[in-house]
Amino acid sequence: MSALRPSPEMRRVLLVWLVLSVIATPLVVILLGPQLPPGAASDAAHGQQQDNTVMTAIVTPIIILLIVYFAYVLSAFKHRAEGEPEDGPPMRGDVSVMALWIGVTLTIVIFLAAWGAYELFPGETGAGGGQGPTPLAIATPADASTALPVQVIGQQWAWTFRYPTYGGVETTELVLPVNRQIRFTVTSIDVIHSFWALKLGVKADAVPNTSNVAFAKPVKLEASTVRCAELCGLWHGHMYAPLYVVTPARFLAWMAEQRSRWSPATRYLPPYATKYAPEPTYRAE
Amino acid sequence: MSFRRAGAIFSVTLVVCAGVLLGLYVTRFLEAAPPTVNAAAAGLRQSSLTLQTVAQVGHGETRDWVSYYARDPSGKWVHSTILRVPAHSLVHVTVYQYDTATGLRNPLWGQPRGIVGGVMYVNGKPLRVLNPELASHTFAIPDLGVSVPLEGVAEEAPNQCENAPCGLDKAHNTITFTFNSGAPGKYRWQCFVPCAAGFILGFGGPMQTIGYMDGTLEVV
């Protein structure tokens, strides 16, 4: 007998599973989805939140099936008679069950692979990941040409941020104007770090002598923290910097203040470049 | 002796040996942790910290390692970077800097910040920025926004110190500055100069070890 013709018990399980899935999956999408990380503070973050919502929605019926089946088995298949329980009839291979199992899982896997590939080349939204020194045109936002360039420099153990279009000033906090595309150029001057601006949905490796480009457009005024996501030494856990998304007017005022504040050091900074190889690389004895 | 009794003796011996080894490990760990050095009182809501940076410790397994030292209130130099200062107070810091220059990988750290008036004093002379090539070390507490570069002594300076702690008769620069300790907490501090001689990028060994070029500031 094929298992595709379910027993009464299995019909009950499938019915309960179907009802609960029909109810729970939309609820997960509508209620839980907007609460999922990384939030919607930027276009890239919003895209990632949608991805997380899709995956959570896919996994919801699967989890419900496991719970319903487990609960049903626990309650329905208790040994109530006296004496030793007898083993059930052996289950042999069933082509239709295997075909169903392979078909369902293959469909899910192929769908997720296609979805993931599509999200890596998102056109205007920006995926938020590091795309290397020369991002593909297909993965570059349409307004990339007017994006604000911000260089992110990792060092043991601090982040600094350089604004090439504002005299090359370098700061210790990341301040960005809202509703403007940002082109992050991420690099390191010592070991490998990883620039992780969770709220912006940006995560890009900071590799010495390499420039790693990532895009994001902040759409909400907020304060958060950027961190290092690559184990980089003793104080890795303390390697963070404040992030503020502010109005364009506030950004300009802050920038003027920073240019004045850091003017003594700015004259010693090297000319802006996408990557740096500062001396010394090996301290002499 | 029965087999059972032999097994019991063996088990007890094993547990005792494991306990002794564990005790030795814990003791060694506790002994290895640098002691805490309190800042000296310097008036109402004020305290003073006196530090020195040396090119090499000069003794022990890490004799070649660069390091900070701290002076306790009795005037004794202690090999430690665990410092304790009172909260919401002005901390007057004096650093006797005995090492030669290495240079900053990021010239931004050549500008002192987070200190009173934005000015540090090098041998009594006010300075708002240090040529990054002249920096030997930095004293930085990132969470308090404090960062101060320390100017190195000239390579050709006579009478350079070889064994720590160093006396004031040895070639050195004296850097002074003041910062506000802020709210109670435990803050890390570190050097931003890749000053670990013999390590790739100068960032190994003492740059990764508390008690040398890294430490904690306990604000109480």
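## Strand pairing in chain A

Two strands are taken to pair when DSSP finds at least two bridges between them. The model is predicted, and the pairings below are read from its chain A. Strand 2 (158-163) of chain A has pairings with strand 1 and with strand 3 of chain A. With strand 1 (residues 148-155), strand 2 pairs in the antiparallel sense over five bridges. Within this pairing, A:Ile153 has A:Thr160 of strand 2 as its bridge partner. A hairpin of two residues makes the connection between strand 1 and strand 2 of chain A.

Strand 3 (residues 169-171) of chain A also runs antiparallel to strand 2 and is joined to strand 2 by three bridges. Here A:Arg162 stands opposite A:Glu170, a residue of strand 3. The hairpin formed by strand 2 and strand 3 has five residues between the strands. In its turn, A:Gly167 has a positive phi of about 75 degrees.

Strand 9 (residues 222-228) of chain A pairs with strand 6 (residues 193-197) of chain A in the antiparallel sense, over two bridges. A:Phe195 has A:Cys228, in strand 9, as its bridge partner. Strand 9 is also joined to strand 10 (residues 240-246) of chain A by six bridges, and these two strands run antiparallel. In that pairing A:Ser224 stands opposite A:Leu243 of strand 10.

## Helix 2 of chain A

Helix 2 of chain A covers residues 43-76, which makes 34 residues. From first C-alpha to last, helix 2 reaches 49 Å, close to the 50 Å expected at 1.5 Å a residue. The helix bends by about 30 degrees at A:Val59, and the proline A:Pro61 follows within four residues.

The buried residues of helix 2 are A:Asp43, A:Ala44, A:Ala45, A:His46, A:Gly47, A:Gln48, A:Gln49 and A:Val68. They pack against two helices of chain A, helix 1 (8-32) and helix 3 (95-120), and against two strands of chain A, strand 7 (202-206) and strand 8 (212-216).

Helix 3 of chain A includes A:Ala114. This residue counts as exposed because it has 10 C-beta neighbours inside 10 Å, where the limit for exposed is 12 or fewer. A:Ala114 and A:Trp157 are 43 residues apart along the chain, and their C-alpha atoms are separated by 38 Å.

## Domains

In chain A, the domain assignment gives domain 1 (8-75 + 100-120) and domain 2 (137-266). The centres of these two domains, taken over C-alpha atoms, are separated by 35 Å. Contact between them involves ten residues of domain 1 of chain A and 14 residues of domain 2 of chain A. Helix 2 of chain A gives five residues to the side of domain 1 that touches domain 2, the largest share of that side. By class, this side of domain 1 has five nonpolar, four polar and one charged residues.

For chain B, the assignment gives domain 1 (1-32) and domain 2 (35-219). The C-alpha centres of domain 1 of chain B and domain 2 of chain B lie 44 Å apart.

## Contact between chains A and B

Between the chains, 24 residues of chain A are in contact with 26 residues of chain B. On the side of chain A that touches chain B, strand 2 (158-163) and helix 5 (263-266) of chain A each supply at least two residues. The residues of this side comprise 13 nonpolar, six polar and five charged.

## Backbone features in loops

Each chain has a cis peptide bond that can be listed here. In chain A, the bond from A:Pro37 to A:Pro38 is cis, with omega near 5 degrees. A:Pro38 lies in the loop between helix 1 and helix 2 of chain A. In chain B, the cis bond joins B:Ala164 and B:Pro165, with omega about -5 degrees. B:Pro165 has its place in the loop between strand 11 (146-151) and strand 12 (173-180) of chain B.

Positive phi values occur at two asparagines. A:Asn179 has a phi near 60 degrees and is found in the loop between strand 4 (174-177) and strand 5 (182-188) of chain A. A:Asn179 counts as exposed because it has 12 C-beta neighbours inside 10 Å. B:Asn123 has a positive phi of about 50 degrees and is found in the loop between strand 8 (120-122) and strand 9 (125-127) of chain B. B:Asn123 is exposed, with 12 other C-beta atoms within 10 Å.

Definitions and conventions:
Residues are numbered from 1 along each chain as its sequence is written. Chains are lettered from A and ligands numbered from 1 in the order in which they are written. This is a predicted model: local features need pLDDT of at least 70, side-chain atom pairs count only at pLDDT 80 or more; totals for chains, interfaces and linings use all residues. Domain bounds come from an automatic or database domain assignment. The expected span of a helix is 1.5 Å times one less than its number of residues. The bend at a residue is the angle between axes fitted to the seven residues ending there and the seven starting there. A residue is buried if 20 or more other C-beta atoms lie within 10 Å of its own, exposed if 12 or fewer, and partly exposed in between; C-beta atoms are placed from the backbone. Two residues are in contact if their C-beta atoms, placed from the backbone, lie within 7 Å. Ala, Val, Leu, Ile, Met, Phe, Trp, Tyr, Cys and Pro count as nonpolar, Asp, Glu, Lys and Arg as charged, and the others, Gly among them, as polar.
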